[in-house]
Amino acid sequence: MPPSAYNEAIKIGFFRRPILQPAIAFCGAWLFVALLYQMKFSYLLIYGGWQVFWPTFIIITGFFVGSIPGYFFSVDRNSAWRSKHFSLTRGDLASIEKRLNILLISWLILSILEIIYSGGLPLFWLFTGSSKTYFDFGIPSLHGLLNAVISACTLVSFLIAPYASRSIYRYMPALLFIWAIIAVTRNLIIVNGLQILFLYALTKRSFNPKNVIGLFVLLILSVIIFGWVGDARSGATAFLGLARPSNMWPSYLPSGFFWVYIYLTTPLNNLVHQMNSMIPEWNWTLMYSTSTFFPSVVRDAIYGENHMFRGDLVQEAFNVSTAFSDLYRDIGYYGLAFLSFIIGYFSIKFWNGRNIIALFFLAVMMQNNVLSIFFNNYFYLPVIFQFAVLAFILRGITGVTMAEPAK
């Protein structure tokens, strides 16, 4: 490759549209769920408006307070609402591909070892009626880190695919989703689907109306299929018996919509229930909240095998309680404010970042923000280890040029 080609610039846009601003995405997700809760389409949703509004208010306020120092300590705050583009040379791209190849080959070798260690694959066990489940798959501690590696590699591959020297990067998202199906890991699909969606929205200059309509139709079809699969696995009658639809639910809608409604609102329901039925333990070391920072082997040794906290649930079948339940268990309302403050600070820092790594960090952070209505991915090692992997892949690569303000 001649030196001129090696130094040729590749432009990657970072279009900071208002709708993608972290405060809008985070607060919008929480307000949307709170609004759905107030519709009371299920008899499981037993709390009134103020009881639901109060924790939501603390979480949103904490985010905004945290975003203030996040803004003022940002290196690029004077252009916080302007779009930009990153300039990568072919040399930068070659370095990225080299590191990706090292990680992907390592992931493949270690995943084969996991299959041997586990004695098969979860999808095979599912179809053969084996007593093993996806919980039995993988080498403890290593498995979660490998999920972080493949997730970070897929995110980078998605962005560099049009410019890369190998076509395999174009297929990385599809390969990851196939692997997630084989490993029966829904979380891997959800996390990566959202990260890729956010990265696409942040780097796409304009959107074709046909694509937007197609995405909306795909979303509706996904909801319907989700209901069909859920009915097939659990039984529609059994699900309705657990979810207890109220008289206000429009029963003419496909069952998938009620499945989605229940999965969106019951985590908030559980959080509010926990606040009304439990007294915080005042663990200022954040003992329970930080347990998921550790690999499973270390975590089990410190906390015991039953360390996972589910709280006092309204219905045992719906056992998630947002990202804030452990923080409330440790230090009460201070925990809600503390976590949301940290979320606001780093979300704005990444939004105002000057290096290309901030773009990837922001995609991961926005996925965490949206899924905070379900689970604490901020403290979950298989997700947050992506930051370390991304830092390795993009080490020493910056190059940014300001562009026109986003429209």
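A residue is called buried when its relative accessible area is under 20%. Asn-283 has a relative accessibility of 17%, so Asn-283 counts as buried. That value, like everything below, comes from a predicted model.

Asn-283 sits in the loop that runs between α11 and α12. Its side chain makes a polar contact, at 3.4 Å, with the side chain of Glu-281. Once neighbours within four places in sequence are set aside, Asn-283 still touches Tyr-288, Asp-330 and Ile-331.

Two other residues of this loop have something unusual about their backbone. Most residues other than glycine have a negative phi. Trp-282, though not a glycine, has a positive phi, near 55 degrees. Leu-286 also has a positive phi near 55 degrees, and Leu-286 is not a glycine either. Trp-282 is found between α11 (255-277) and α12 (296-303), and Leu-286 lies in the loop between α11 and α12 too. How much of each is open to the surroundings? Trp-282 has a relative accessible area of 41%, so it is partly exposed, while Leu-286, at 14%, is buried.

Another loop, the one between α6 (142-160) and α7 (172-182), holds Ala-161. With 7% relative accessibility, Ala-161 counts as buried because the cut-off is under 20%. Leaving out neighbours within four places in sequence, Ala-161 is in contact with Tyr-169 and Arg-170. Ala-161 and Met-172 are eleven residues apart along the chain, and their C-alpha atoms are 9.1 Å apart in space.

Now for the inside of the protein. Nonpolar side chains in soluble globular proteins tend to be buried together. The largest nonpolar core in this model has 105 residues, and the ones with the most contacts inside it are Phe-26, Ile-96, Phe-324, Phe-360 and Ile-393. Which helix gives this core its largest share? Helix α15 (residues 356-371) does, with eleven residues.

Phe-26 is a handy place to look around in this core. Not counting neighbours within four places in sequence, Phe-26 is in contact with Ile-59, Phe-63, Phe-324, Ile-343, Asn-369, Ser-372 and Tyr-378. Some of these names come back in the contacts of Ser-340: apart from neighbours within four places in sequence, Ser-340 touches Ile-58, Ile-59, Gly-62, Phe-63 and Phe-324. Ser-340 belongs to helix α14 (residues 333-351). Is Ser-340 buried or exposed? At 0% relative accessibility, Ser-340 counts as buried, since buried means under 20%. Where does its side chain find a polar partner? A polar atom of the Ser-340 side chain lies 3.3 Å from the backbone oxygen of Ile-59.

Not every nonpolar residue is tucked away, as helix α9 (residues 209-234), home of Phe-216, shows. Phe-216 has a relative accessibility of 52% and so counts as exposed, the cut-off for exposed being over 50%. Phe-216 is also one of the residues making a nonpolar surface patch of about 750 Å². The other members of that patch are Ile-213, Val-217, Leu-219, Leu-221, Ile-225 and Trp-228.

Note on methods:
Residues are numbered from 1 along each chain as its sequence is written. This is a predicted model: local features need pLDDT of at least 70, side-chain atom pairs count only at pLDDT 80 or more; totals for chains, interfaces and linings use all residues. Side-chain values use heavy atoms; hydrogens and water are left out. Helices (H or I, at least four residues) and strands (E, at least two) are DSSP runs, numbered from the N terminus. Buried means under 20% relative accessible area, exposed over 50%, partly exposed in between (1.4 Å probe, protein chains only). A polar contact is a pair of N or O atoms within 3.5 Å; within protein, one must be able to donate a hydrogen and the other to accept it, and residues adjacent in sequence count only if both atoms are side-chain atoms. Contact means heavy atoms within 4.5 Å. Patches are made of residues with over 30% relative accessible area and no salt bridge: like charges are joined within 9 Å, nonpolar side chains (Val, Leu, Ile, Met, Phe, Trp, Tyr) within 5 Å. Accessible areas come from the Shrake-Rupley method with a 1.4 Å probe; for residues, only the protein chains shown count as cover. A salt bridge is a side-chain nitrogen of Lys or Arg within 4 Å of a carboxyl oxygen of Asp or Glu. A nonpolar core is a set of buried Ala, Val, Leu, Ile, Met, Phe, Trp, Tyr and Cys residues joined through side-chain atoms within 4.5 Å.
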